[in-house]
Amino acid sequence: MKTKTCATCKTDHDVMYRVQIRKGKIWIFVCEACCRKHQRGDYYRYGGTWKGSRH
Ligand SMILES: [Zn+2]
């Protein structure tokens, strides 16, 4: 199973959310908990879900 490191809490997860949280065009991967946190931000944009596990 593959994992990615969350850009804001630095822990590894196998399901990540591609989001923008700052002004500009920089996409980062964050975990579900951080995704919810960032949803309140002014620049939040959702760009898809990444899954490290294959079925
Ligand atoms: Zn996180």
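A disulfide is a pair of cysteine sulfur atoms within 2.5 Å; the structure shown here holds 0 of them. The model is predicted.

**Figure 1. Overall view of the chain.** The chain has 1 helix and 5 strands, and their order along the sequence is β-β-β-β-α-β. Along the principal axes, the C-alpha atoms fill a box of roughly 35 × 20 × 15 Å. The radius of gyration is 11 Å, which agrees with the value near 10 Å that a compact globule of 55 residues would have. Of the 55 residues in the chain, 27% are buried. The exposed surface comes to about 4300 Å², with carbon and sulfur atoms supplying 47% of it. Among contacts between residues at least 6 apart in sequence, 40% join residues at least 24 apart.

**Figure 2. Close-up of the zinc ion and its donor atoms.** Four SG atoms, those of Cys-6, Cys-9, Cys-31 and Cys-34, coordinate the zinc ion at 2.3 Å. The spacing of these donor residues in sequence is C-x2-C-x21-C-x2-C. The arrangement is tetrahedral because the angles subtended by the 4 donor atoms run from 102 to 120°, and four donors count as tetrahedral if all angles lie between 85 and 135 degrees. For four tetrahedral donors the ideal angle at a metal is 109.5 degrees.

**Figure 3. Close-up of two zinc donors, Cys-6 and Cys-9, and their exposure.** Cys-6 and Cys-9 both give an SG atom to the zinc ion. Cys-6 has 1% relative accessibility and so counts as buried, the limit for that class being under 20%. Cys-9, with a relative accessible area of 30%, is partly exposed.

**Figure 4. Close-up of Ala-7 in the loop between strand 1 and strand 2.** Strand 1 spans residues 4-5 and strand 2 spans residues 12-13, with Ala-7 in the loop between them. The relative accessible area of Ala-7 is 31%, so this residue is classed as partly exposed. With neighbours within four places in sequence set aside, the contacts of Ala-7 are Ile-28, Phe-29 and Val-30. Strand 4 covers residues 28-30. Between the C-alpha atoms of Ala-7 and Gly-41 the separation is 16 Å, for residues 34 apart along the chain.

**Figure 5. Close-up of Gln-20 and the residues it touches.** Gln-20 belongs to strand 3, which runs over residues 15-20. A relative accessible area of 4% makes Gln-20 buried. Not counting residues up to four places away in sequence, Gln-20 touches Lys-25, Ile-26, Trp-27, Tyr-43, Tyr-44 and Arg-45.

**Figure 6. Close-up of Gly-24 in the loop between strand 3 and strand 4.** The loop that holds Gly-24 lies between strand 3 and strand 4. Gly-24 is partly exposed, as its relative accessible area is 42%. From Gly-24 to Gly-41 the C-alpha to C-alpha distance is 14 Å, and the two residues are 17 apart in sequence.

Terms used
Residues are numbered from 1 along each chain as its sequence is written. This is a predicted model: local features need pLDDT of at least 70, side-chain atom pairs count only at pLDDT 80 or more; totals for chains, interfaces and linings use all residues. Side-chain values use heavy atoms; hydrogens and water are left out. Donors are N, O and S atoms within 2.8 Å of the metal (3.2 Å for Na, K and Ca); water is not among the atoms, so sites may look incomplete. Four donors count as tetrahedral if all angles lie between 85 and 135 degrees; four count as square planar and six as octahedral if opposite donors are over 155 degrees apart and all others between 65 and 115; anything else is irregular. Buried means under 20% relative accessible area, exposed over 50%, partly exposed in between (1.4 Å probe, protein chains only). Helices (H or I, at least four residues) and strands (E, at least two) are DSSP runs, numbered from the N terminus. Contact means heavy atoms within 4.5 Å. The radius of gyration is taken over C-alpha atoms; the globule rule is 2.2 Å times the number of residues to the power 0.38. Accessible areas come from the Shrake-Rupley method with a 1.4 Å probe; for residues, only the protein chains shown count as cover.
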